[in-house]
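Colleague: Please take one part of this model and look at it closely. Then set that part in the rest of the chain.

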Amino acid sequence: MKKHEELPVVEGYEPQKKTISMLAANLLAIALFVVVGAVLGIAYFYLYGAKGFGSWNSTFPLFLLLMVVGIVVHELVHGITWLLLTHKGFSHLSFGFLPGGVYCHIDVPMPKKQYVIGALMPLLLLGIVPTLVAFCVGSLLWLLLGIVFIVSAAGDMMIVWAIRKEPADVLVYDHPSEAGCYVYHKTMQS
């Protein structure tokens, strides 16, 4: 469980909680796995045929290892992206487990655009890029990793979806104990 942490006070801004259910995120992940796996699997089969799936027995142990390592890397990508965008130090990050998932938390409010980039960067780097590589070189391993890490970004996509209609000038603070964030709106007197 994430450590208890006081919500930062940002002068001229009022926070509003935006969280998602881990159950809903995991149910979305299952649905994504079926849909994304089927669509990408059919497209891959169309391009490479049955021989594109032929090396599964030798691929499986490496796939499992990379999947476990990728879970850690997924959270590191969130954190490193946010640190680069906010120019803060590693001491502002924490990592751990929530019921139904792992997390990276940054204790710095940031502009919405920075938060969204950090939230979606694992989807891009670990999901979409490996999938593109798989289609370019005909690699079942890269395809499977791409599918797994597209699916593993389900919660991230839900959080971004939850704040999609928020104005660009809001600040976003990663929620310290739930999946989601606080959105800081400018108050009238600011």
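Modeller: Start with L23. This residue is exposed, because its relative accessible area is 59% and the cut-off for exposed is over 50%. Bear in mind that the model is predicted. L23 sits in helix α1, which covers residues 22-48. L23 is also part of a nonpolar surface patch. The other members are L27, I30, F33, V34, V35 and V39. Together the seven side chains offer about 710 Å² of accessible area. A patch residue needs over 30% relative accessible area, and L23 at 59% therefore clears that bar.

Now the fold around that helix. The protein has five helices and six strands. Read from the N terminus, the order is β-α-α-β-β-β-α-α-α-β-β. The C-alpha atoms fill a box of roughly 65 × 30 × 30 Å along the principal axes. Of the 190 residues, 45% are buried.

Helix α1 also has a part in the largest pocket. It is among the elements that each give at least two residues to the lining. The others are α2 (56-86), β3 (101-106), α3 (112-137), α4 (140-151) and α5 (154-162). Helix α2 gives the largest share, six residues. The pocket holds about 630 Å³ of space. Its lining counts 33 residues. Nearest the centre lie E75, G101, V102, S152 and D156. What is the make-up of the lining by class? It has 19 nonpolar, nine polar and five charged residues.

Next, strand β1. Two salt bridges are present in the structure. In one, E178 pairs with K17, and the closest N and O atoms are 2.9 Å apart. K17 lies in strand β1 (residues 13-19), and E178 in the loop between β5 (171-174) and β6 (180-186). The pair links distant parts of the chain, 161 residues apart. Both partners are partly exposed: E178 has a relative accessible area of 30%, and K17 has 41%.

In the other bridge, E166 pairs with K18, with the closest N and O atoms 3.1 Å apart. K18 is in strand β1 and E166 in the loop between α5 and β5, so this pair ties together parts 148 residues apart in sequence. Is E166 buried or exposed? It is buried, because its relative accessible area is 11%, and under 20% counts as buried. In general, side chains of opposite charge can pair when their charged atoms come close.

Another long-range approach involves P111. This proline is in strand β4, residues 110-111. Its C-alpha atom is 9.4 Å from that of Y184, a residue 73 positions away along the chain. P111 counts as partly exposed, because its relative accessibility is 36%.

Last, a backbone detail. H87 has a phi near 60 degrees. Most residues other than glycine have a negative phi. H87 is not a glycine, yet its value is positive. The residue is placed in the loop between α2 and β2 (93-98). H87 is exposed, because its relative accessible area is 71%.

To return to the start: L23 belongs to α1 and to the nonpolar patch on the surface. Helix α1 also supplies residues to the lining of the largest pocket.

Definitions and conventions
Residues are numbered from 1 along each chain as its sequence is written. This is a predicted model: local features need pLDDT of at least 70, side-chain atom pairs count only at pLDDT 80 or more; totals for chains, interfaces and linings use all residues. Side-chain values use heavy atoms; hydrogens and water are left out. Patches are made of residues with over 30% relative accessible area and no salt bridge: like charges are joined within 9 Å, nonpolar side chains (Val, Leu, Ile, Met, Phe, Trp, Tyr) within 5 Å. Accessible areas come from the Shrake-Rupley method with a 1.4 Å probe; for residues, only the protein chains shown count as cover. A salt bridge is a side-chain nitrogen of Lys or Arg within 4 Å of a carboxyl oxygen of Asp or Glu. Helices (H or I, at least four residues) and strands (E, at least two) are DSSP runs, numbered from the N terminus. Buried means under 20% relative accessible area, exposed over 50%, partly exposed in between (1.4 Å probe, protein chains only). On a 1 Å grid over the protein atoms alone, a cavity is a set of points where a 1.4 Å probe fits but cannot get out, and a pocket is an open set with protein on both sides within 12 Å along at least five of seven lines; lining residues have an atom within 4 Å of a point. Grid points are joined across faces, edges and corners, and a volume is the space filled by probe spheres set on the points. Ala, Val, Leu, Ile, Met, Phe, Trp, Tyr, Cys and Pro count as nonpolar, Asp, Glu, Lys and Arg as charged, and the others, Gly among them, as polar.
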